[in-house]
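Work through the exercises below with the sequence and the structure at hand. Each task is followed by a stepwise solution.

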Amino acid sequence: MTSPATPGEAALPRAGFDVPTHPLALARSDAAAAHRLPIRFTGSGSEYFRIWIVNLLLTLVTLGLYYPWAKVRRLRYFHGNTLVGEHPLDFHGDPKKMLRGYLLVGAMAALYSVAGSFSAVAGLIAFVIVAALWPALLKSSMQFRLANTSWRGLRFRFKGSLRGAYAAMLPLFVPGLLFVAALAAMPDPEKPPQWFFAFFLAVMLGTVLLMPWLLWNLKKYQHDHYALAQWQTQLRATRGAFYGVFLKTLGVSLLAGLLLLGIVFLGAMAFGVAAALGGGGESRGTGAVVAALFALAAAAFGLLVVQLLPRPYLTSRLQNLLWGRTGNRSLRFRSTLGFRRLLGLTLKNWLLVALTLGLYWPFAAVATARLRLEAVSIETRTDPEALFDEARPADGEAAGDAAGDLLGFDIGL
Amino acid sequence: MPRATCSGSTLASDAAAGPPPATLAADYFDGRSARATPVTLRLAGGLLQVDGEGVSRREPVGAVQWPERTRHGLRVAHLADGASLHCADALAWDRWMRAGGHRESAVVRAQQSWRGVIAALVLLVLALAALYEWGVPAASRAVVALVPRSVDAVIGREALASIDQHLMKPSRLPAAQQERLRAAFGRAVATLPAGEAPAYQLLFRSSGIGPNAFALPDGSIILTDELVALVDGDEQVITGVLAHELGHVRHRHGMRMLVQVTALGAVASLVVGDFSTLLAGVPALLGQAGYSRDAERESDREAVRVLKAAGISPRVMVTFFERIGQWRDDEAGGDGPSKRDGPSGSALGIAISSHPADAERIRFFEDAARP
C-alpha cells in the first residue's frame, strides 16, 4: 500500500486475476510456498462489558424486541476482532430480518409449550412436528450464519443439502421414536409391563454408546460443507477418533469422581482428628464445628471439580480433533488448545462470575474466545489473494438463525 | 453535479487540533475477489467517494452500512452490492468520519463512555427490580385475563386426575360431617357481596401427604381427612383454611404462577443464560418462590375478608398454624420445638420457601382479629 502504484505494477496483478480459477493454474499455485494464517483475537473484556450492559438494558426495556440488534452488535464485535491472517471477519446480518425470524420462531415456541400444558397428545404432536422440522432449521441456521459472515470481502457459504441435514440428524430421534412405539404397543401405559424397563435400559444404553457416532455424523455434515470462494472443507476425523475422545473424557470424569472421594475421605479424617484432639466440653464443640465446616467446603469444592473437570477436557480435545482434521488438499487448520489452560480459565471464570453476580461474564466470554480462537491457525498452499467468488451467495433465511439460537446450534468455534 | 465540489473544505470548524482529514486511505474489496485495492475515501455532499486503481464509486451515505466506533478492532464499511472498505487505522477512520459530519448513535456513545455504562448498569438494576416488582405480576395478570376459563378447567381436570391416581384416596369422613363442613363454608361464602365469590367445588380426600388443603385452577378445593382430624373437625378453622384456598381460586394464582415462571425464566436466561443455563435457573427459582409467598399473603387477606364477613374471628387461623406446627414437630421426630424456627424461620430458608414463615402469618391473623 505504501509503494507508489505505477500503472505497470497495478496491471500485473489484474492480469493474473483469473489465473487461479483455471485448474492447471490452481495446481501450480498449490505447489507454491505455504501461507500461514495465524488467528489473533483483539477484543477486550472491558469494552465488551460496556457493549453488553447497554445491549442488555435496551433488550430489557424493549421487552426483547431489541435482541436482534444486540446480537448483531455482539457478533460484529467478536467477528471484527477475530483477525485471520491480519484480516478481520465480519458479520452482516440484518437485524430487521432477524427480528421477523425471532417473532416467527417465538410464536412457534409459545404454541409448542402451550400445546404441552394443554394435553399430552397435543404435546406429542408438537414434539413430532418440531423434530421433523429440526434438520431443516439446522441447515438454514448454518446457511444464514455463514452467508452473513465475510473475510476479505468474501462471503462464506454453507453447502450442505436438505437431504444431508435429515440424514445427519434423524438418527438422533431414533431413541425417542422407539419409546413412542413401545408406549403405543402397551395395553395400559399407566401400568408398564416388566419388559418395558429392560427395553428402556437397553435403549438408553444403546443411545449412550452411539452418542459419539451420532455427534460425528452431525459434525461431518457441518464441517464437510463450509466454503469460501474455491475453498471447501472436509472433516477427515474418523468415528474411532470421536470414540477415543469420549472414552478419555469418561476416564477424566471417573478420575474427578475418585478425587472427590479422596477429598471427602480427608475431610472425614480431619473430623476424626479434631474430635479426638478436642477432648471434651467447649473445645470439642468448636473443633467439631471447624471440622464440619471444612468437610462442607471440601465437599462443595469436590462437587465443583466433578462438574468442571470433564467439560473443558472434552471441549479442548474435541476442538483440536475437529479443527485439526478439517481442511482440503490445499488448506488445513491446526488447533492446539491445551486442556490445562482451558481448565484454569474455566475455574477462574466460574469463580469471578459467581463473585460478581454475573457481571464478570463478558470478560469471561472474551477471555474464552481469545484462548480458543488463538489456538487455531490455518495453513494453505493457495494464495489467499487468489480467492475469487463467481457469484455472491444468497443471504439465507433469518428464521433459521432464530431457530438455531433457540435450539442451540453453533458453528462450534 | 455536487459530487465534485467542496472536497476537503467542508466542516473545517469541527476539528480542534489541526485541519480535518478530508481524505482517508483504505482497502477496497469488491466482494468477488480477496485481493484488496488501495483507495482514497472522501465524504462530500452526502456521498461517499471511493477512488482507486480501476475503482470509482459514488455511494449515498445512507446506503452504506457504517462500522460502529470501538476501541479495539479495525473498521469495515459495507456497500450495498457486497463490496466493502477496510481500514486498519481505526483512529484515523473515526477522525475522518467525524470530520465528514457523521453523528454517532446514542447507543455507541453510551457504550464508549464509562459514565454512560454506569448509568446503563444502574438503569438495568432498576429495570430488573421494576420488572420483578410490577412488570411480571402485571403481565401475568393481563395474560391470565386473556386466557379463557375453559383452559383453567382443562388444566384443573388433568391435575385432579393425576393427583387422584398418585396421591389421594377417597375420603373416609362420614357423609354427614362432609355435609356439615360444606354447609358451614357455603354460609361463610354467601356473606360475601354478590359476584365476589368465584365458582368452586369442595372435594374431600384421604391423603398420603398428611394434613393439607389446596386449590386447583378449575376451582376444585381439596381438603384432606388428616387436616379435618388435625383441627378436631372445628368448622370455623376449616372455613378459614378453605377461604384461604378460595383466595387462590379467585385470583387465579395457579395460572398466574405458570405465566410468571415462563416470564422469569425468559428474563433470567436473557441476563445470564449465555453463561450457564444452570445458573439462569437460580434467580428464576428464587423469584418464583417470592411470587408464591406474595400469593399466599394475598390469599391470607382473602381468608380474613371471608371470615370477617361471616362474623368469625380471624384468630381461628392461629389455632390452625399452632396445630400444623405441632404436627410438623412430631413428624420430625424427637427434636423438640427447636425445629420449628429451623429452616423455615431463617432468612435463607425464607428465600427459597414457597410460604411465608408461620410466625409472620400468625402475627397477620392476630392483628386482623383485633377490633
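**Exercise 1.** State how much area chain A and chain B bury between them, and describe the contacts of this predicted model.

Solution.
1. The size of an interface is often given as the accessible area lost when the parts come together.
2. For chain A and chain B, the buried area is about 4,900 Å², and carbon and sulfur atoms account for 64% of it.
3. In terms of residues, 54 of chain A are in contact with 51 of chain B.
4. Between the two chains, 16 residue pairs are in polar contact, both residues at pLDDT 80 or more.
5. The salt bridges between chain A and chain B number two. One joins the side chains of A:E385 and B:R35, at 3.1 Å from N to O.
6. On the side of chain A that touches chain B, at least two residues each come from α1 (7-15), α3 (45-61), α4 (67-80), β3 (87-91), α5 and α13 (339-355). The largest share, 15 residues, is supplied by α3(A).

**Exercise 2.** Locate the nonpolar patch on the surface of chain A and assign its residues to elements.

Solution.
1. The patch consists of A:L104, A:M108, A:V121, A:I125, A:I129 and A:L133, which together have about 550 Å² of accessible area.
2. Two or more residues each are given by α5 (95-118) and α6 (120-147) of chain A.
3. The most comes from α6(A), with four residues.

**Exercise 3.** Is A:I129 buried, partly exposed or exposed?

Solution.
1. A:I129 is located in helix α6 of chain A.
2. Its relative accessibility is 47%.
3. Partly exposed covers the range between 20% and 50%, so A:I129 counts as partly exposed.

Conventions: Residues are numbered from 1 along each chain as its sequence is written. Chains are lettered from A and ligands numbered from 1 in the order in which they are written. This is a predicted model: local features need pLDDT of at least 70, side-chain atom pairs count only at pLDDT 80 or more; totals for chains, interfaces and linings use all residues. Side-chain values use heavy atoms; hydrogens and water are left out. Patches are made of residues with over 30% relative accessible area and no salt bridge: like charges are joined within 9 Å, nonpolar side chains (Val, Leu, Ile, Met, Phe, Trp, Tyr) within 5 Å. Accessible areas come from the Shrake-Rupley method with a 1.4 Å probe; for residues, only the protein chains shown count as cover. A salt bridge is a side-chain nitrogen of Lys or Arg within 4 Å of a carboxyl oxygen of Asp or Glu. Buried means under 20% relative accessible area, exposed over 50%, partly exposed in between (1.4 Å probe, protein chains only). Contact means heavy atoms within 4.5 Å. Buried area is the accessible area (1.4 Å probe) that two parts lose on being put together, summed over both. A polar contact is a pair of N or O atoms within 3.5 Å; within protein, one must be able to donate a hydrogen and the other to accept it, and residues adjacent in sequence count only if both atoms are side-chain atoms.
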